Amino acid sequence: AKYAGELSYDWTVPTLVELKEVAPGKLTHKHSRNSGKLTVTAAASNGGKPVTQTIEIEVKEPAKDAWVRRVPGKDEQPVNHQFYARDDRNEGTLYYHGSMTEPADSVFLKVYADDKLVKTESQKPTADKTFGFSIKLKPGLIKYKVEFGSKVGNDEKVLKTVTNLVCGDAYLINGQSNALATDWGPGEHPDTSEWIRSFGDNGGDIASGWGNAVRRQGGHWQIGCWGMDLAILLVESQKVPICIMNGAVGGTLIEAHQRNEADPLDKKSIYGRLLNRIEQAGLTDGIRGAFWHQGECNQSNWGETGGYGWESHERHFLDMTAAWTRDYPNIRHNYIFQIWPNSCSIGGNRHSDKLREVQRLLPRHFSNMTIQSTLGVKPEGPCHFPPAGYAELARQLLPVVEHYNYGKTPATAVTAADLKKATYTTDKLDEIALEFDQPMAWYDALGSQFYLDGEADKVAAGSVSGNIIKLKLTSPATAKTITYLVDKKWDSKTLLYGKNGIAALTFFEVPLLRAGSSH
């Protein structure tokens with residue numbers, strides 16, 4: 001009112017918020033990553049000292065997210081070998097839309113399941129000669145065929161036949177070379193399956209269309225070694241076809257996987273090429289799980305600002321997964337991997353250890369994310385795994401996917417053990433309790449893998465009881481942090497495991513609490 005200048009607003013929003021919309025004087029919270037207390041601060045200023053206000057909102061996610069349904073194209077029609085993703089109602093939707101070039105009293109669509117006629121629908125073309133069929137498909141190891149035709153008087157004519165259509169579950173894989181999973185050395189593994197499909201290739205090509213997925217032969221329909229192994233296991237477990245869309249690119253930083261907000265389908269970007277393939281495949285609403293294996297190139301100081309990769313890794317990861325939520329809104333679970341220490345010999349410093357710690361903590365932002373350990377996978381791969389190692393990685397993934405995407409309750413823990421807190425147990429500060437999220441295993445050689453404030457040889461002995469490992473120290477300590485497993489000073493033969501036989505996640509400089517303290 002006194003011409004003091006327009007107000008500007010600055011919002012401080014926690015990572016609980018995944019999607020938001022900002023307008024002058026208004027913040028709209030569109031989607032959160034988790035349930036919890038949302039603390040938001042608004043600062044308003046017209047050039048002088050800002051006026052601030054902070055509020056807290058309790059956020060609780062729904063028991064079940066609504067399924068977002070894709071709007072079909074006006075001329076969308078099936079093609080040979082096409083894959084249809086099932087939805088939350090346990091059915092896929094085949095659209096057959098178009099317009100007639102010749103007069104017809106009516107048009108029809110016949111649907112065959114394994115060559116048996118199961119449905120016939122007919123309709124009259126509209127005044128502008130257009131038509132549109134929407135057919136529900138039952139998922140399963142079934143091959144569908146459709147016949148489209150016209151009827152004039154009593155004469156019926158089939159105009160087009162489309163064959164080898166299937167309906168099941170679709171997933172995406174992204175990241176760098178261990179997500180691409182094609183650089184395992186000599187020896188081809190040409191196995192494929194009529195029930196495992198993909199569309200286009202990793203380079204962004206869509207001209208090749210639909211085909212049976214392969215590990216790496218020729219590039220088209222390539223889903224990588226462990227992608228194929230996991231798909232084979234899922235077909236056997238769930239008795240439905242599986243589609244894998246792999247958009248990984250070897251030797252890439254996480255910065256290179258960001259969405260171009262000005263042009264999401266930018267074919268110069270890794271993100272845009274994969275989004276374009278999935279959009280052309282008609283699967284933007286069908287991706288129900290995402291796998292992310294990346295970080296090797298972010299261990300060092302190759303980042304966009306010359307800093308170390310861990311410094312901005314969380315921000316880039318949260319931005320990328322928020323983009324996934326917009327473009328693939330029906331993802332039900334995300335699966336990520338903690339990389340090897342000094343993976344591909346790119347680390348070799350504490351920044352590599354710190355990156356793995358950032359990775360370990362990422363799922364804490366989400367209600368629908370788990371992290372897998374790559375340590376302990378045999379045969380091992382300090383950079384790329386051999387095919388047998390990738391097969392073991394897929395074997396460890398299967399029960400996790402069965403649990404989070406298919407509701408199967410495991411008898412024991414199926415994920416990698418994760419440290420919840422570390423506490424001194426005595427006033428003498430000569431013993432530390434490590435509390436994990438599941439029952440643990442112990443053997444004495446493990447003591448050498450723990451560091452107090454970066455110093456080795458501080459653990460005299462250890463013991464385990466359920467989820468708790470107790471470390472007896474060589475002498476009273478004043479350390480404020482504890483680390484398990486340091487970059488170049490580790491041995492894959494000396495690893496901490498959960499009782500389930502899966503190697504635990506490494507942790508770095510975790511604060512040591514005093515007995516009776518929560519922080």
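Cysteine 344 and cysteine 383 are joined by a disulfide, with an S to S distance of 2.1 Å. The pair links distant parts of the chain, 39 residues apart. Cysteine 344 sits in the loop between strand 17 (333-338) and helix 5 (350-361), and cysteine 383 in the loop between strand 18 (369-373) and helix 6. The link of cysteine 344 and cysteine 383 is right-handed, with 90° about the S-S bond. The model is a predicted one, and a search of the whole structure finds one disulfide. Cysteine 383 has a relative accessible area of 24%, so it counts as partly exposed.

Other cysteines can be set beside this pair. Cysteine 243 is buried, with a relative accessible area of 0%. The closest cysteine sulfur to that of cysteine 243 belongs to cysteine 167 and is 12 Å away, which is too far for a bond. Cysteine 297 is likewise in no disulfide, and the nearest cysteine sulfur, that of cysteine 344, lies 7.5 Å away. The cut-off for a disulfide is a pair of cysteine sulfur atoms within 2.5 Å. Cysteine 297 counts as buried because its relative accessibility is 6%.

Cysteine 383 also appears in the lining of the largest cavity. The count comes to one cavity of 30 Å³ or more, and the space in the largest cavity is about 30 Å³. Along with Cys383, the lining residues are Asn178, His293, Glu296, Ile339, Trp340, Ser343, Thr374, Gly381 and Phe385. By class, the lining divides into four nonpolar residues, five polar and one charged.

Next comes glutamine 258, which is placed in the loop between strand 15 (242-246) and helix 3 (270-280). Its relative accessibility is 17%, and it therefore counts as buried, the cut-off being under 20%. What does the side chain of glutamine 258 have a polar atom 3.1 Å from? The partner is the backbone oxygen of isoleucine 254. The backbone oxygen of histidine 316 lies 3.2 Å from a polar atom of the glutamine 258 side chain. Leaving out residues up to four places away in sequence, glutamine 258 touches Tyr271, His316, Asp319 and Met320. His316 thus appears both in this list and as the source of a backbone oxygen.

The last residue to visit is lysine 408, in the loop between helix 6 (387-406) and strand 19 (419-424). Lysine 408 counts as partly exposed because its relative accessibility is 48%. Apart from neighbours within four places in sequence, lysine 408 is in contact with Glu402 and His403.

Key: Residues are numbered from 1 along each chain as its sequence is written. This is a predicted model: local features need pLDDT of at least 70, side-chain atom pairs count only at pLDDT 80 or more; totals for chains, interfaces and linings use all residues. Side-chain values use heavy atoms; hydrogens and water are left out. Helices (H or I, at least four residues) and strands (E, at least two) are DSSP runs, numbered from the N terminus. Buried means under 20% relative accessible area, exposed over 50%, partly exposed in between (1.4 Å probe, protein chains only). Contact means heavy atoms within 4.5 Å. On a 1 Å grid over the protein atoms alone, a cavity is a set of points where a 1.4 Å probe fits but cannot get out, and a pocket is an open set with protein on both sides within 12 Å along at least five of seven lines; lining residues have an atom within 4 Å of a point. Grid points are joined across faces, edges and corners, and a volume is the space filled by probe spheres set on the points. Ala, Val, Leu, Ile, Met, Phe, Trp, Tyr, Cys and Pro count as nonpolar, Asp, Glu, Lys and Arg as charged, and the others, Gly among them, as polar. A polar contact is a pair of N or O atoms within 3.5 Å; within protein, one must be able to donate a hydrogen and the other to accept it, and residues adjacent in sequence count only if both atoms are side-chain atoms.
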